[in-house]
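Colleague: I would like a close look at one part of this model, with the cut-offs stated as you go. Please start at a single loop residue and then work through one helix and its neighbours.

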Amino acid sequence: EMEKDILAAAYCNRAAGWLNCGEWDQVLSDCDEVLRLGRSNSLTVKALYRRGKAHEAFGDADNARRDFENALLLEPNNRLALEAFENYKSVLHRLVVLSRASPELRSRQRKGL
């Protein structure tokens, strides 16, 4: 169990590094591993937030919003997740995120505007 905690923390920390470097695919992969390992709420919240930011970078507004919302369900007072989730109340923010999406992803997500 302790090994899984250390592994989850390592993936979560590496995801933060990838996020700072703009390596979005790597962020998604490492955060998925943290969530798969199912460790502490603190790590899960961090992984959800970081994965949400990567989804935003890809223009995937639906999954980004969902990750921020799930982070808030676990930790309602998390300032970063709250700010990120609150941004989705703005149609303009959602349109900016969608502008980064591939045409296929954009057409699928526009239905929810």
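Colleague: What is the relative accessibility of Gly38, and does Gly38 count as buried, exposed or partly exposed? After that, please take H4 and its contacts with H3, H5 and H6.

Modeller: This is a predicted model, in which local features need pLDDT of at least 70 and side-chain atom pairs count only at pLDDT 80 or more, while totals for chains, interfaces and linings use all residues. Residues are numbered from 1 along each chain as its sequence is written, and side-chain values use heavy atoms, with hydrogens and water left out.

Gly38 has a relative accessibility of 46% and therefore counts as partly exposed. In these terms, buried is under 20% relative accessible area, exposed is over 50%, and partly exposed is in between, with a 1.4 Å probe and protein chains only. Gly38 sits in the loop between helix H2 (24-37) and H3. Helices here are DSSP runs of H or I with at least four residues, strands are runs of E with at least two, and both are numbered from the N terminus. From the C-alpha atom of Gly38 to that of Glu104, 66 residues apart along the chain, the separation is 31 Å.

Past this loop comes H3, which spans residues 41-57. One of its residues is Thr44. Thr44 is buried because its relative accessible area is 13%. Leaving out residues up to four places away in sequence, Thr44 touches Leu35, Arg39 and Leu74; contact means heavy atoms within 4.5 Å.

Thr44 also belongs to the contact between H3 and H4. Two packed helices are described by the angle between their axes and the distance between the axes. The axes are lines fitted to C-alpha atoms, for helices over the stretch in contact, and the angles run from 0 to 180 degrees between N-to-C directions. For H3 and H4 the axes come within 8 Å and cross at roughly 160 degrees, so these two helices are roughly antiparallel to each other. The classes are roughly parallel for angles under 35 degrees, roughly antiparallel over 145, roughly perpendicular from 65 to 115, and oblique for the rest. The crossing of H3 and H4 is left-handed, that is, the near helix is turned anticlockwise from the far one by less than a right angle, whereas clockwise would be right-handed.

On the H3 side the contact includes Thr44, Leu48, Arg51, Lys53 and Glu56; on the H4 side it includes Asp67, Phe68, Ala71 and Leu74. By class, this contact has seven nonpolar, six polar and four charged residues. Ala, Val, Leu, Ile, Met, Phe, Trp, Tyr, Cys and Pro count as nonpolar, Asp, Glu, Lys and Arg as charged, and the others, Gly among them, as polar.

Several of the charged residues also form salt bridges. A salt bridge is a side-chain nitrogen of Lys or Arg within 4 Å of a carboxyl oxygen of Asp or Glu, and by this rule the model has nine. Lys53 pairs with Glu56, with 3.1 Å between the closest N and O atoms. Both lie in H3, three residues apart, about one turn of the helix. Lys53 is partly exposed at 28% relative accessibility, whereas Glu56 is buried at 5%. Arg51 is linked with Asp32 and Asp67 in a network of salt bridges.

Within H4 (residues 61-74), Arg65 and Asp62 are likewise three residues apart, about one turn of the helix. Their salt bridge has its closest N and O atoms 4.0 Å apart, and Arg65 is partly exposed at 29%. Arg65 also takes part in the contact with H5 (residues 79-87), where Arg65, Phe68, Glu69, Ala71 and Leu72 meet Ala81, Leu82, Ala84 and Phe85. That contact has seven nonpolar, no polar and two charged residues. H4 and H5 pack at about 140 degrees with their axes 9 Å apart; they are therefore oblique to each other, and their crossing is left-handed.

Arg65 appears again in the contact with H6 (residues 91-98), where Ala61, Asp62 and Arg65 of H4 meet Arg94, Val97 and Leu98. By class, this contact has three nonpolar, no polar and three charged residues. The axes of H4 and H6 come within 9 Å and cross at roughly 120 degrees, so this pair is oblique as well.
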